[in-house]
Amino acid sequence: MTGWHTASAPGKFVILGEHSVVYGKPAVVLAADRRITCGVRRGKRNLLNGEPIEFSRQPHFRYLTRNLRHAVEFVTRSDIPTGAGLGSSAALAASIALALEDMAGNDPDERKLVDEAYGAELAAQGNGSPMDASACVHGGGIGVNIPGTEKRGLWRISRNGRVWNVSDVDVPSMTFVVGNTGVKAPTGPQVDKVRRFVGRSNFASEMIEEIGNVTLSGYDALQRGDVEALGRMMTTDHKLLSILGVSCKELNKLVNAALPYSYGAKLTGSGGGGCMVALTDEPEKVASVITARGGVAYVMGAGSQGARIERSVPDGPVFDIPGFVRPEAER
Ligand code: MEV
């Protein structure tokens with residue numbers, strides 16, 4: 001197969017600060033060791049994995065090809081379940097954006113990639129922060145609006161009066177287990193739900209503020225390598241997110257199952273379903289209690305490399321990519 005340009009990008013999991021980051025509060029997110037790979041080449045028709053692209057169902061592809069004057073063929077391969085809070089949307093956007101840049105003969109530029117990936121995310125979910133796009137483009141560990149990290153600042157993005165100062169943060173060696181409830185919960189509606197709550201209640205705004213404070217304490221613990229304190233902050237964050245209305249019984253069940261064997265556990269991503277994450281020294285035990293409660297467990301490596309060029313074309317989807325909803329393809 002000739003003429004292909006291929007790139008991949010990691011998923012992510014949020015250890016502190018989702019939702020409140022949309023309001024410009026601090027957050028910490030880690031690149032996951034699961035990726036989406038995307039191959040692209042000039043074509044006679046716009047095709048995605050051999051099928052005509054339905055741009056109305058594929059906002060990422062619609063947005064990212066908006067300036068192209070020719071048709072393109074895409075192939076994708078994903079190790080990231082969709083609608084699960086693991087960054088499938090941002091990873092897809094980042095991998096397409098980089099593959100298209102390569103096809104155009106441009107040198108990779110992270111700042112340009114993050115703008116493209118964030119734009120595609122907004123086209124897909126309507127609202128949100130550049131946190132996921134930043135993690136999937138840059139990889140490693142990402143801090144958003146964390147005072148004192150300016151020396152390792154990556155970019156500053158502003159939108160609708162909110163500002164996000166994104167920086168690179170160290171990721172000490174830690175073990176995380178992610179538990180997928182299997183309940184699909186796209187990000188857009190969860191972000192909207194919180195926006196409505198914040199719009200009508202000072203109490204919700206106080207929760208957002210409190211999540212920001214907990215995130216800063218957790219970040220300090222992360223820097224000290226104090227897993228016990230970090231875990232406590234993660235669990236507190238989960239409680240605050242529950243009060244905010246973005247947990248659900250399936251997530252609480254997996255968090256409660258994991259806690260006796262973990263430093264801390266919380267939902268990760270937009271919630272309402274999707275995944276939780278536990279910080280633990282007993283990954284097998286946590287994985288087994290998650291499985292026993294009906295979840296799917298992934299022992300998750302953190303701090304993976306960001307978007308990168310790949311040599312080979314992916315050989316087809318494993319998980320469906322965002323925009324395709326065929327649950328039987330999940331595993
Ligand atoms: C989703 O991974 C994280 C949210 O904070 C939304 C966003 O930041 O865009 C819920």
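**Legends: the ligand site and the chain around it**

**View 1. The ligand occupies the largest pocket.** The model is predicted, and the pocket shown is the space that the ligand takes up. Around the ligand are 13 residues, and K12, H19, G128, S129 and D132 are the closest of them.

**View 2. Polar side-chain atoms of K12, S129 and D132 lie by ligand oxygen atoms.** For S129, the distance from a polar side-chain atom to an oxygen atom of the ligand is 2.6 Å. A polar side-chain atom of K12 is 2.8 Å from a ligand oxygen atom. In D132, an N or O atom of the side chain lies 2.8 Å from an oxygen atom of the ligand. The ligand on its own has 300 Å² of accessible area, and the protein covers 99% of that area.

**View 3. The shell around the ligand, sorted by residue class.** Six residues of this shell are polar, four are nonpolar and three are charged. The shell comprises 13 residues, including H19 and G128.

**View 4. The protein chain that holds the site.** Nine helices and 13 strands make up the secondary-structure elements counted in the protein chain. Along the principal axes, its C-alpha atoms fill a box of roughly 55 × 45 × 40 Å. The radius of gyration of the protein chain is 19 Å, which agrees with the value near 20 Å for a compact globule of 331 residues.

Notes: Residues are numbered from 1 along each chain as its sequence is written. This is a predicted model: local features need pLDDT of at least 70, side-chain atom pairs count only at pLDDT 80 or more; totals for chains, interfaces and linings use all residues. Side-chain values use heavy atoms; hydrogens and water are left out. A residue is near a molecule or strand if one of its heavy atoms lies within 4 Å of it. A polar contact is a pair of N or O atoms within 3.5 Å; within protein, one must be able to donate a hydrogen and the other to accept it, and residues adjacent in sequence count only if both atoms are side-chain atoms. Accessible areas come from the Shrake-Rupley method with a 1.4 Å probe; for residues, only the protein chains shown count as cover. On a 1 Å grid over the protein atoms alone, a cavity is a set of points where a 1.4 Å probe fits but cannot get out, and a pocket is an open set with protein on both sides within 12 Å along at least five of seven lines; lining residues have an atom within 4 Å of a point. A molecule sits in a cavity or pocket if more than half of its atoms lie within 2 Å of its grid points. Ala, Val, Leu, Ile, Met, Phe, Trp, Tyr, Cys and Pro count as nonpolar, Asp, Glu, Lys and Arg as charged, and the others, Gly among them, as polar. Helices (H or I, at least four residues) and strands (E, at least two) are DSSP runs, numbered from the N terminus. The radius of gyration is taken over C-alpha atoms; the globule rule is 2.2 Å times the number of residues to the power 0.38.
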